[in-house]
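Reader: I'd like a close look at one part of this model, not a tour of everything. Pick the part, give me just enough background to find my way, and then stay with it.

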There are 2 protein chains.
Amino acid sequence: MYVIMVYDLQADRTHKALKIGRRYLTHVQNSVLEGEISKGDLEKLRNEIDDLLKPGESTIIYELSSDTILDRTVYGEDPTEEQRFL
Amino acid sequence: MYVIMVYDLQADRTHKALKIGRRYLTHVQNSVLEGEISKGDLEKLRNEIDDLLKPGESTIIYELSSDTILDRTVYGEDPTEEQRFL
């Protein structure tokens, strides 16, 4: 399946969410990662994120079937490290 | 269709993207909005965002068919103003 993950942590803790997310997904914008992921890895990711968060912080994980993104458009400068990954 | 929009602007300009996005979508996290949108409104939103962005800033718009989000889980505190909107 395909996952989009968006995190919102205190400024000095954002790197922790990024570090976890990068083990499973591709970093595509400041606080956004996305990519194909197996059910097992998604379960691990969910647990690690859930353990990380402190009060006032949040992370949204959107779980999509792999072929359901109709369009993905980046406006402005594309910060994606790999230009083609969909 | 259903749209997820994630913006990354300079700190003192983020409110401008939020103001535009809120006219069409629901604000669900710091720099994330989502919601059902018509093709016409999506076109307007795209144009307004594209006009707004300066060098180094970006916005990603994911366009999904309405029933393709398999799961949406919020970890930590849910900052959504309306709890049920999917």
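Author: Buried here means under 20% relative accessible area, with exposed over 50% and partly exposed in between (1.4 Å probe, protein chains only). By that rule, 53% of the 86 residues of chain A count as buried. This is a predicted model, where local features need pLDDT of at least 70 and side-chain atom pairs count only at pLDDT 80 or more, while totals for chains, interfaces and linings use all residues. Residues are numbered from 1 along each chain as its sequence is written, chains are lettered from A and ligands numbered from 1 in the order in which they are written, and side-chain values use heavy atoms, leaving out hydrogens and water.

Some background, then. Chain A has 2 helices and 5 strands, in the order β-α-β-β-α-β-β from the N terminus on. These elements are DSSP runs (helices: H or I, at least four residues; strands: E, at least two), numbered from the N terminus. Contact means heavy atoms within 4.5 Å. Among the contacts in chain A between residues at least 6 apart in sequence, 68% join residues at least 24 apart.

Now for the part I'd pick: strand β4 of chain B and what lies around it. β4(B) covers residues 58–64, and 7 of its 7 residues are buried, so the strand is largely enclosed by the rest of the structure. Look at its side chains and you'll see Ser58(B), Ile60(B), Tyr62(B) and Leu64(B) pointing one way, with Thr59(B), Ile61(B) and Glu63(B) pointing the other, all of them buried.

What sits beside this strand? Two strands pair if DSSP finds at least two bridges between them. One partner is strand β1 of chain B (residues 2–8), antiparallel to β4(B) and joined to it by 7 bridges. To get your bearings there, find Tyr2(B), which stands opposite Leu64(B). Another partner comes from the other chain: β5 of chain A (residues 69–76) also runs antiparallel to β4(B), again with 7 bridges. Here Gly76(A) is the residue opposite Ser58(B).

Ser58(B) is worth another look, since its side chain makes a 3.1 Å polar contact with the side chain of Gln29(A). A polar contact is a pair of N or O atoms within 3.5 Å; within protein, one must be able to donate a hydrogen and the other to accept it, and residues adjacent in sequence count only if both atoms are side-chain atoms. Gln29(A) belongs to strand β2 of chain A and is buried, at 2% relative accessible area.

That takes us to the wider interface, where 36 residues of chain A are in contact with 36 residues of chain B. About 3,100 Å² is buried between the chains, 55% of it from carbon and sulfur atoms; buried area is the accessible area (1.4 Å probe) that two parts lose on being put together, summed over both. Gln29(A) turns up again here: along with Tyr62(A) and Tyr75(A), Gln29(A) loses the most area to chain B, and the three make up 24% of what that side buries. The rule finds 14 residue pairs in polar contact across the interface, both at pLDDT 80 or more. As for who takes part, β1, β2, β3, α2, β4 and β5 of chain A each give two or more residues to the side that touches chain B. β5(A), the partner of our strand, gives the most, with 8 residues.

How do the two copies relate? A rotation of 180 degrees with 0.0 Å of shift along its axis superposes chain A on chain B, with an RMSD of 0.0 Å (least squares on the C-alpha atoms of residues with pLDDT of at least 70 in both). The copies are thus related as by a two-fold rotation axis. In chain A, the C-alpha of Thr68(A) is the nearest to that axis, 3.1 Å away. The same surface serves both copies, with 100% of the contact residues of chain A recurring in chain B.

One last stop shows the chains mixing at a single residue. Val32(B) is in strand β3 of chain B (residues 32–36) and counts as buried, at 0% relative accessibility. Leaving aside neighbours within four places in sequence, the contacts of Val32(B) include Val6(A) and Tyr62(A) from one chain, and Val6(B) and His27(B) from the other. The C-alpha atoms of Val32(B) and Val6(B) are 4.6 Å apart, though 26 residues separate them along the chain. His27(B) is buried as well, at 15%, and its side chain reaches the backbone oxygen of Asn30(B) at 3.1 Å.
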